[in-house]
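Let us take a walk through this structure together, one stop at a time. Please have the sequence and the 3D view ready as you read.

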Amino acid sequence: MSSKPTITVSAVDMDRIEALIEKMPRLTPELETLESELDRATIVEPENMPADVVSMNSTVRFKFAGDSKVFEKTLVYPQDAKSEHQISIFAPVGSALLGLSVGQSLEWPMPNGQSRTVEILEVVYQPERGGEYQR
């Protein structure tokens, strides 16, 4: 993988994601990759989250490098992924989105053994930007 962009994660999101990972009976390679990402994240209080960063429950527009199709998904916890408009933090693409800001891209392993580069186009909605710090 190429050099990775900096990522920013709120302390609330970090605590909740780590608690979910700790409850897992075993770690899949995808969850190990997510843990590695979390280890390198800059942690901020929710009130200090930059407005253009993907946090949990954010709605984000993104695409894969080399592909023109644009996706719009809300990044949610696994138990909240109930529609095609939502993506779990434990899904490979969901893990890649967390902490990236508009304009950043990240190469990420996919289940088929290949890697794809996810590009952030827009953070349509971010809870922290709306003053929701404990959602």
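**A guided walk**

Gly103 is exposed, because its relative accessible area is 65% and exposed means over 50%. You will find Gly103 in the loop between helix H3 (92-97) and strand E6 (105-109). Now look from Gly103 across to Ala11: the two are 92 residues apart in sequence, and their C-alpha atoms are 23 Å apart in space. Please keep in mind along the way that this is a predicted model.

Our next stop is strand E7 (115-125), where Val118 lies. Val118 has a relative accessibility of 0%, so it counts as buried. Val118 and Val53 are separated by 65 residues in sequence, and by 14 Å from C-alpha to C-alpha.

Strand E7 also takes part in pairings of charged side chains. Side chains of opposite charge can pair when their charged atoms come close. How many salt bridges does a search of the whole structure find? The search gives six. One of the salt bridges brings together the side chains of Glu122 and Arg61, at 3.4 Å from N to O. Because Glu122 lies in strand E7 and Arg61 in strand E3, this pair ties together parts that are 61 residues apart in sequence. Glu122 counts as partly exposed, with 34% relative accessibility, and Arg61 counts as partly exposed too, at 27%.

A salt bridge is also formed by the side chains of Lys63 and Glu119, with an N to O distance of 3.6 Å. Here again distant parts of the chain are linked: Lys63 is in strand E3 and Glu119 in strand E7, 56 residues apart. Glu119 has a relative accessible area of 23%, so it is partly exposed.

For a pairing inside one element, turn to helix H2 (29-40). Arg40 and Glu37 both lie in this helix, three residues apart, which is about one turn of the helix. Their side chains meet in a salt bridge at 2.8 Å, N to O. Are the partners buried or exposed? Arg40 counts as partly exposed because its relative accessibility is 30%, whereas Glu37 counts as buried because its value is 3%. Lys4 joins in as well: Lys4, Glu37 and Arg40 are linked in a network of salt bridges.

Staying with charge, look at the surface. Asp15, Glu18, Glu22, Glu32, Glu35, Asp39, Glu45 and Glu47 gather there in a patch of negative charge. Which elements give two or more residues to the negative patch? They are helix H1 (11-22) and helix H2 (29-40). One member of the patch is Glu35, which is found in helix H2. Glu35 counts as partly exposed because its relative accessibility is 31%, and residues in such a patch have over 30% relative accessible area and no salt bridge.

Now for a charged residue away from the surface. Lys73 sits in strand E4 (residues 70-76). Although Lys73 is buried, it has no salt bridge, and the nearest side chain of opposite charge, that of Glu84, is 6.4 Å away. For a salt bridge, the side-chain nitrogen would have to be within 4 Å of a carboxyl oxygen. Lys73 does have a contact with the backbone of Glu84: a polar atom of the Lys73 side chain lies 2.4 Å from the backbone oxygen of Glu84.

Another buried polar side chain waits in the segment after strand E7, where Gln126 is found. Gln126 counts as buried because its relative accessibility is 1%. What does the side chain of Gln126 reach at 3.0 Å? The answer is the backbone nitrogen of Arg129. A polar atom of the Gln126 side chain also lies 2.9 Å from the backbone oxygen of Pro50.

Our last stop is Asn57, in the loop between strand E2 (42-44) and strand E3 (59-64). Asn57 is not a glycine, yet its phi is positive, at about 70 degrees. From this loop you can follow the chain into strand E3, and there you can look again at Arg61 and Lys63, whose salt bridges reach Glu122 and Glu119.

Key. Residues are numbered from 1 along each chain as its sequence is written. This is a predicted model: local features need pLDDT of at least 70, side-chain atom pairs count only at pLDDT 80 or more; totals for chains, interfaces and linings use all residues. Side-chain values use heavy atoms; hydrogens and water are left out. Patches are made of residues with over 30% relative accessible area and no salt bridge: like charges are joined within 9 Å, nonpolar side chains (Val, Leu, Ile, Met, Phe, Trp, Tyr) within 5 Å. Accessible areas come from the Shrake-Rupley method with a 1.4 Å probe; for residues, only the protein chains shown count as cover. Lys and Arg count as positive and Asp and Glu as negative; His and the chain ends are not counted. The place of a charge is taken as NZ of Lys, CZ of Arg, CG of Asp or CD of Glu. Helices (H or I, at least four residues) and strands (E, at least two) are DSSP runs, numbered from the N terminus. Buried means under 20% relative accessible area, exposed over 50%, partly exposed in between (1.4 Å probe, protein chains only). A polar contact is a pair of N or O atoms within 3.5 Å; within protein, one must be able to donate a hydrogen and the other to accept it, and residues adjacent in sequence count only if both atoms are side-chain atoms.
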